[in-house]
Amino acid sequence: MSSQTSSPSIVLPGNHGNPIVMEAVNLCKSFKEGSGGELQVLKNVNLTVRAREKIAIVGASGSGKSTLLHLLGGLDTPTSGQVFIDDHEIIRMKEVDRCSLRNRKLGFIYQFHHLLPEFTAQENVAMPALIKGMPPYQAMSKADVLLEKVGMTRRLEHKPAELSGGERQRAAIARAMVNEPQCICADEPTGNLDKATAEQVFRVLLRLNEEYGTSLIIATHDMMLAEQMDIIYAVEDGHLTRQN
Ligand SMILES: Nc1ncnc2c1ncn2[C@@H]1O[C@H](COP(=O)(O)OP(=O)(O)O)[C@@H](O)[C@H]1O
Ligand SMILES: [Mg+2]
């Protein structure tokens, strides 16, 4: 009997037993409206993110996807509820500690690249590592490695204005990965690109994510992208509900 037929079928384990890297508990967020009223954008949202998990947050424009990502990343404060990253309740942390935790544990990718215009691609990618305290030569060589992984070897010295939209987003992916975070929060990362470029950039993001074993939370209104993730949630009327 050949070894091929005798080998047992391999069942790949899911991510279910993996450690929790981020958790949102009863998150509520309201914004004051001009009329003096309150807009309740998120109502008692609960979310658990495990290591290596790929999560899509879908929903109509204005449904609260960005608001949720901002709260998860500690970029905004909920009206009530908690966000835990590892065992830290980020809202209770001092701003300086929260920034440090964000820098070490999370990576962010936005619809608009948010690269610093006066710096080269290599410097932009190295920036979070420099902020973390990595020696410059090491941060720059790490940036080189990541830019190579996203297919930008020949663009190291280019400034954002000299890069195409797809290249800017690939540089933004490399920057988000440079400190090897445990979770990437990506807010419509391909929303500003044409379809073919969006697919290329998305593939790069998934490949790097896989390679580094990073969790990924992606806000998107593109169901084609969402369906490539493990879990899909929808935000509707302030509630987060699982779709699959
Ligand atoms: N800083 C803010 N002040 C007031 N309203 C806001 C603010 N940020 C977002 N909103 C409102 O909250 C709702 C959800 O916005 P957002 O999270 O950006 O939605 P999405 O990302 O799903 O398009 C929208 O109605 C938006 O106008
Ligand atoms: Mg948004």
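Let us start inside the protein, at Ala-174: setting aside neighbours within four places in sequence, Ala-174 is in contact with Val-125, Ala-143, Leu-146, Leu-147 and Val-150. Two residues are in contact here if their C-beta atoms, placed from the backbone, lie within 7 Å. This is a predicted model, in which local features need pLDDT of at least 70 and side-chain atom pairs count only at pLDDT 80 or more, while totals for chains, interfaces and linings use all residues. Residues are numbered from 1 along each chain as its sequence is written, and chains are lettered from A and ligands numbered from 1 in the order in which they are written.

Ala-174 has a special place, for Ala-174 and Ile-217 have the most contacts inside the largest nonpolar core, a set of 60 residues. Such a core consists of buried Ala, Val, Leu, Ile, Met, Phe, Trp, Tyr and Cys residues joined through C-beta atoms within 7 Å. Helix α6 gives the largest share of this core, six residues. A residue is called buried if 20 or more other C-beta atoms lie within 10 Å of its own, exposed if 12 or fewer, and partly exposed in between, with C-beta atoms placed from the backbone.

One partner of Ala-174 is worth a visit of its own. Val-125 sits in helix α4, residues 121-132, and is buried because 31 other C-beta atoms lie within 10 Å. Beyond residues up to four places away in sequence, Val-125 touches Ala-143, Leu-146, Leu-147, Ala-171, Ala-174, Arg-175 and Val-178.

Now step back to the whole chain. There are eight helices and 10 strands; these are DSSP runs numbered from the N terminus, with at least four residues (H or I) for a helix and at least two (E) for a strand. The chain is as compact as a globular protein of 244 residues, because its radius of gyration is 19 Å and the globule rule gives 18 Å. That radius is taken over C-alpha atoms, and the rule is 2.2 Å times the number of residues to the power 0.38. Of the 244 residues, 41% count as buried. Among contacts between residues at least 6 apart in sequence, 70% join residues at least 24 apart.

Strand β6, residues 106-109, is covered on both faces: Leu-106 and Phe-108 on one side, and Gly-107 and Ile-109 on the other, are all buried. In a regular strand the side chains alternate between the two faces of the sheet. Strands β6 and β7 run parallel and are joined by four bridges, where two strands pair if DSSP finds at least two bridges between them. Phe-108 has Cys-185 as its bridge partner in β7.

Which residues are around ligand 1? They are Phe-31, Leu-39, Val-41, Gly-59, Ser-61, Gly-62, Ser-63, Gly-64, Lys-65, Ser-66 and Thr-67, each with its C-beta atom, placed from the backbone, within 6 Å of the ligand. β2 (38-50) and α2 (65-72) are the elements that give two or more residues to this shell, and α2 gives the most, with three.

Finally, look at two loops. Most residues other than glycine have a negative phi. Glu-180, in the loop between α6 (165-177) and β7 (183-187), has a positive phi near 45 degrees. Glu-180 counts as partly exposed because it has 14 C-beta neighbours inside 10 Å. Asp-237, in the loop between β9 (231-236) and β10 (239-242), has a positive phi near 50 degrees. Asp-237 is exposed, with 10 other C-beta atoms within 10 Å.
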